[in-house]
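Student: I'm new to this one. Could you take me through a single part of it, slowly, and show how the pieces around it fit together?

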Amino acid sequence: MKKHFLCTHTFNSKDAEQAFDDAAAGLTGEQMFSMLKNERAEMIAHWRGEDEFFYCHWYAESGDAIIDTLDSLGFGELMMTLPNEMKMFVDVNSDLTKTYAERLK
């Protein structure tokens with residue numbers, strides 16, 4: 001069963017960041033999400049600013065499934081990733097009539 005994860009990432013070095021940027025430069029959003037999707041894990045959102053850390057929302061069987069997906073593409077060598085399972089995920093498209101307690105069940 002897949003669960004929601006919020007991952008915190010940071011590049012191992014400036015060279016690793018540049019290698020990632022070079023590899024991703026020509027990708028469309030559609031290509032990026034397709035590339036980071038398999039039977040065990042899929043990235044469904046990505047946030048990156050100017051700071052050291054960036055974040056991704058994954059829907060995956062486990063944290064290891066996320067790490068395996070990144071490793072299979074060579075990205076695991078470029079960054080450290082900390083997957084955190086989220087007990088609750090709610091957004092504006094969710095059933096907003098449920099209470100907080102109901103969502104945690």
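Tutor: Sure, let's start with a bit of vocabulary: a residue counts as buried under 20% relative accessible area, as exposed over 50%, and as partly exposed in between. Keep in mind, too, that this is a predicted model.

Now look at strand 3, which covers residues 53-60. Tyr55 is found in this strand. Its relative accessible area is 34%, so Tyr55 is partly exposed. Tyr55 also belongs to a nonpolar patch on the surface, together with Leu6, Trp47, Phe53 and Met86. The accessible area of those five residues together is about 450 Å².

Next, see what sits alongside strand 3. Strand 1, residues 3-11, runs antiparallel to strand 3, and eight bridges join the two. For a landmark, find Lys3, which stands opposite Ala60 of strand 3. Strand 2, residues 41-47, pairs with strand 3 as well, again in the antiparallel sense, over six bridges. Here the landmark is Met43, standing opposite Trp58. If you follow the chain from strand 2 to strand 3, you go through a hairpin of five residues.

Trp58 leads us on to a helix. Thr69, in helix 3 (residues 63-72), is in contact with Trp58. Setting aside neighbours within four places in sequence, Thr69 also touches Leu36, Asn38 and Ala41. With a relative accessible area of 3%, Thr69 falls under the 20% cut-off, so Thr69 is buried, whereas Tyr55 is partly exposed.

Technical notes:
Residues are numbered from 1 along each chain as its sequence is written. This is a predicted model: local features need pLDDT of at least 70, side-chain atom pairs count only at pLDDT 80 or more; totals for chains, interfaces and linings use all residues. Side-chain values use heavy atoms; hydrogens and water are left out. Two strands pair if DSSP finds at least two bridges between them. Helices (H or I, at least four residues) and strands (E, at least two) are DSSP runs, numbered from the N terminus. Patches are made of residues with over 30% relative accessible area and no salt bridge: like charges are joined within 9 Å, nonpolar side chains (Val, Leu, Ile, Met, Phe, Trp, Tyr) within 5 Å. Accessible areas come from the Shrake-Rupley method with a 1.4 Å probe; for residues, only the protein chains shown count as cover. A salt bridge is a side-chain nitrogen of Lys or Arg within 4 Å of a carboxyl oxygen of Asp or Glu. Buried means under 20% relative accessible area, exposed over 50%, partly exposed in between (1.4 Å probe, protein chains only). Contact means heavy atoms within 4.5 Å.
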